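Reader: I should be grateful for a close look at a single part of this protein, followed by an account of what surrounds that part.

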Amino acid sequence: MTAVDEYGMAKFLEDFEPPEGLTAELLRGEIVMTASPDLVHNIIVLLMSRQIPLERWYGLQTQDIDILDEAGVPVPDLVVVAPDALPEAGRLIPSQLITMVVEVVSKTSVHRDYGVKRSIYAAGEVSAYLIVDPIMAQCVLLTDPDGKGEQADYRTQHIAKFGEPVALDVLGIELDTSGFGTFPGVRPHRYP
């Protein structure tokens, strides 16, 4: 359970079964329920996970993260961790063990992915946060986390359009984004 969860919401969420077709996560004390992902989203996650070398990294989908001093249990679309860093079992992985998290932006998650989760992952000292945005057809790689709580952020940001490779130095790979799809007919947003 997270260190700042004074109302026991993480425990509630651990035992909670959301209705079929919904997922739930705890973000800074707020339970957020979202619809199951779109096909474009799922294909992006699939293409990314196939590029992560299994002999060096595990790309885990929908893995709960424990972030010290945060009232939350975020559930990124993809968590990348060294196999020898993993605990033997459990639902929560401490953020300090994670090398990279990935969020694929949906039509309803823009603010959470670019704002709230950016700050949460930086506060958890996750080395790299990759935002894959099928609305804007771009990847935003954030590295060098700094700060605590809601003021935490990443010092370095690199933006690449779909079709351009993304150098994921923390994993020692170059990500091919040429197969990433976009959401048709969705209005562009103003992030990052």
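In which loop does Glu125 lie?

Author: The model is a predicted one. Glu125 lies in the loop between H3 and strand E8 (128-133). With a relative accessible area of 47%, Glu125 is partly exposed, because buried means under 20% and exposed means over 50%. The backbone deserves attention here. Most residues other than glycine have a negative phi, and most peptide bonds are trans. Glu125 has a positive phi of about 60°, although it is not a glycine.

Glu125 also belongs to the lining of the second largest pocket, which is made up of Ile67, Leu68, Asp69, Glu70, Ser95, Gln96, Ala123, Gly124, Glu125, Lys148 and Gly149. The space in this pocket comes to about 170 Å³. By class, the lining residues divide into three nonpolar, four polar and four charged.

Asp69, another of the lining residues, has a positive phi as well, near 65°, and is likewise a residue other than glycine. Asp69 is found in the loop between strand E4 (64-66) and strand E5 (78-81). Its relative accessible area is 54%, so Asp69 counts as exposed.

The elements on either side of the Glu125 loop lead to the interior. In soluble globular proteins, nonpolar side chains tend to be buried together. Here the largest nonpolar core has 49 residues, and those with the most contacts inside it are Met48, Tyr121, Leu130, Val132 and Leu168. Helix H3 (residues 110-123) gives the largest share of this core, namely six residues. Leu130 may be followed further: leaving aside neighbours within four places in sequence, Leu130 is in contact with Met48, Met100, Val101, Val102, Glu103, Cys139, Val140, Leu141, Val166, Leu168 and Leu175. Two of these partners, Met48 and Leu168, are also named among the core residues with the most contacts.

Aromatic rings form a further set of links. A pair of aromatic rings is described by the distance of the centres and the angle of the planes. The count comes to four aromatic pairs. One of them is Tyr114 with Tyr191, a stacked pair with 5.2 Å centre to centre and 15° between the planes. Tyr114 lies in helix H3 and Tyr191 in the segment after strand E12 (173-175), so this pair ties together parts that are 77 residues apart in sequence. Tyr114 counts as buried, at 4% relative accessibility, whereas Tyr191 is partly exposed, with a relative accessible area of 31%.

A second arrangement is seen in Phe162 and Phe180, an edge-to-face pair with 5.4 Å centre to centre and 85° between the planes. Phe162 lies in the loop between strand E10 (153-161) and strand E11 (166-168), and Phe180 in the segment after E12, so the pair ties together parts that are 18 residues apart in sequence. Phe162 is buried, with a relative accessible area of 16%, and Phe180 is buried at 7%. In addition, ring pairs link Tyr121, Tyr129 and Tyr154 into a cluster; Tyr121 is also one of the core residues with the most contacts.

Tyr191 returns in one last backbone feature. A cis peptide bond joins Tyr191 and Pro192, with omega at about -10°. Pro192 is found in the segment after E12.

How values were computed
Residues numbered from 1 in each chain as written. Predicted model: local features only at pLDDT ≥ 70, side-chain atom pairs only at ≥ 80, totals over all residues. Heavy atoms only, no water. Core = buried A, V, L, I, M, F, W, Y, C linked by side-chain atoms within 4.5 Å. Buried < 20%, exposed > 50% of the residue type's maximum accessible area, 1.4 Å probe, protein only. Helix = DSSP H or I, 4+ residues; strand = E, 2+ residues; numbered from the N terminus. Contact = heavy atoms within 4.5 Å. 1 Å grid on protein atoms, 1.4 Å probe; cavity = no way out; pocket = protein on both sides within 12 Å on 5 of 7 lines; lining within 4 Å. Points joined across faces, edges and corners; volume = space filled by probe spheres on them. Nonpolar A, V, L, I, M, F, W, Y, C, P; charged D, E, K, R; others polar. Phe/Tyr/Trp six-rings, centres within 6.5 Å; stacked < 30°, edge-to-face > 60°.
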